[in-house]
Amino acid sequence: MKLKLDIDPDIVAMMAAEVAAGERAVTAAMREAGTGLKAAWRLQVTGAGLGTRLANTIRSQTFPKSGESLDAAALVWSQAPVIVGAHDTGPLIRSKDGFWLAIPLPAAGKSLRGGRITPGEWERRRGLRLRFVYRRTGPSLLVAEGRLNTKGQAVVSRSRTGRGKVSAPIFLLVPQVKLPKRLDLARDADRALDSVPGLIVANWVDQRF
């Protein structure tokens, strides 16, 4: 007995069209999920008061970069992973050399390189020496003998009489500090992942009708 199977060209075309529709639906769904997660993470960062500059380090990319695939994927990441990750986990920070962490006070001013100024940079820029003040009931201090300018920052006093000269606290010294957890990136990632099946179905249906 011989059996002959003829495949209708229309069926082959329909199958090919269905696969193509699936590829477009999956790729579109992953693009939407990735873009949505990027937007959600950026909103978290700005909502936590961490600024738009850090928020804009959140990026997304859909793969493949061109064309469609049933294996399409989306990647969402930060170009500042250490900073974002620290605010996401709330780690305990200790000094690398086992000594103190120096936390600048308003009188310290800003670093020229951006971020927090260090005691060494402060002394070089201000031309003043910092003096260690131990306190039993609170954080120890690094203080400087000078005057406060109009910005409230400590500078060299030019007065010969000592008028306006103060002992200004410049840095707080602590053995360690617990960074507060200000982000919950996993929450939004889980929501994006859960949305993928619905996005695939929605995009598949939209292409049919």
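# A walk through the predicted model

At 7% relative accessibility, Asp-188 counts as buried, because buried means under 20% relative accessible area. The model in which this residue sits is a predicted one. Asp-188 forms a salt bridge with Arg-191, and the closest N and O atoms of the pair are 3.7 Å apart. Both residues belong to helix α5, where they stand three residues apart and are therefore separated by about one helical turn. The two partners do not share the same surroundings: Asp-188 is buried at 7%, whereas Arg-191 is exposed, with a relative accessible area of 55%. The pair is also part of a network of salt bridges that links Arg-187, Asp-188 and Arg-191.

The count of salt bridges in the model comes to six. One of them joins the side chains of Asp-88 and Lys-181, at 3.5 Å from N to O. Asp-88 lies in helix α3 and Lys-181 in the loop between β9 (176-178) and α5 (185-208), so this salt bridge ties together parts that are 93 residues apart in sequence. Asp-88 is buried, its relative accessible area being 17%. A salt bridge is also found between Glu-123 and Arg-129, whose closest N and O atoms are 3.5 Å apart. Here Arg-129 counts as exposed, because its relative accessibility is 67% and the exposed class begins over 50%.

Asp-88 leads to its helix. Helix α3 covers residues 81-89, and its buried residues are Val-84, Ala-86, His-87 and Asp-88. After α3 comes Gly-90, which has a positive phi, near 65°. Within the helix, His-87 deserves a second look. It counts as buried, at 12% relative accessibility. Which residues is His-87 in contact with, leaving aside its neighbours within four places in sequence? They are Leu-50, Leu-179, Pro-180, Lys-181, Arg-182 and Leu-183. Lys-181, named here as a contact of His-87, is also the salt-bridge partner of Asp-88.

The next topic is empty space. Rolling a probe the size of a water molecule over the atoms shows where such space is left. In this model, the largest pocket holds about 1,100 Å³ of space. The pocket is lined by 29 residues, and those closest to its centre are Ile-83, His-87, Gly-115, Arg-116 and Leu-179. Two of these names, His-87 and Leu-179, have already appeared as a contact pair. Which elements give two or more residues to the lining of the largest pocket? They are α2 (52-55), α3, β4 (101-104) and β9. Sorted by class, the lining has 17 nonpolar, six polar and six charged residues.

Strand β4, one of the elements in that lining, opens the way to the strands. β4 and β8 pair in the antiparallel sense, over four bridges. Within this pairing, Ala-102 stands opposite Leu-173 in β8. Strand β8 (residues 166-174) also runs antiparallel to β6, and seven bridges join the two. One bridge partner pair between them is Gly-146 and Val-166, the latter in β8.

Strand β6 (residues 140-148) pairs in turn with strand β5 (residues 131-133), again in the antiparallel sense, over three bridges. In this pairing, Val-133 has Leu-141 of β6 as its bridge partner. How many residues lie between β5 and β6 in the hairpin that they form? There are six residues between them. As a general point for reading such strands, the side chains of a regular strand alternate between the two faces of the sheet.

The last stop is Pro-175, in the loop between β8 and β9. At 53% relative accessibility, Pro-175 counts as exposed. Its C-alpha atom is separated by 9.0 Å from that of Ala-102, a residue 73 places away along the chain. Ala-102 was met above as the residue opposite Leu-173 in β8, and Pro-175 belongs to the loop between β8 and β9.

Key: Residues numbered from 1 in each chain as written. Predicted model: local features only at pLDDT ≥ 70, side-chain atom pairs only at ≥ 80, totals over all residues. Heavy atoms only, no water. Buried < 20%, exposed > 50% of the residue type's maximum accessible area, 1.4 Å probe, protein only. Salt bridge = Lys/Arg side-chain N within 4 Å of Asp/Glu carboxyl O. 1 Å grid on protein atoms, 1.4 Å probe; cavity = no way out; pocket = protein on both sides within 12 Å on 5 of 7 lines; lining within 4 Å. Points joined across faces, edges and corners; volume = space filled by probe spheres on them. Nonpolar A, V, L, I, M, F, W, Y, C, P; charged D, E, K, R; others polar. Contact = heavy atoms within 4.5 Å. Pairing = 2+ DSSP bridges.
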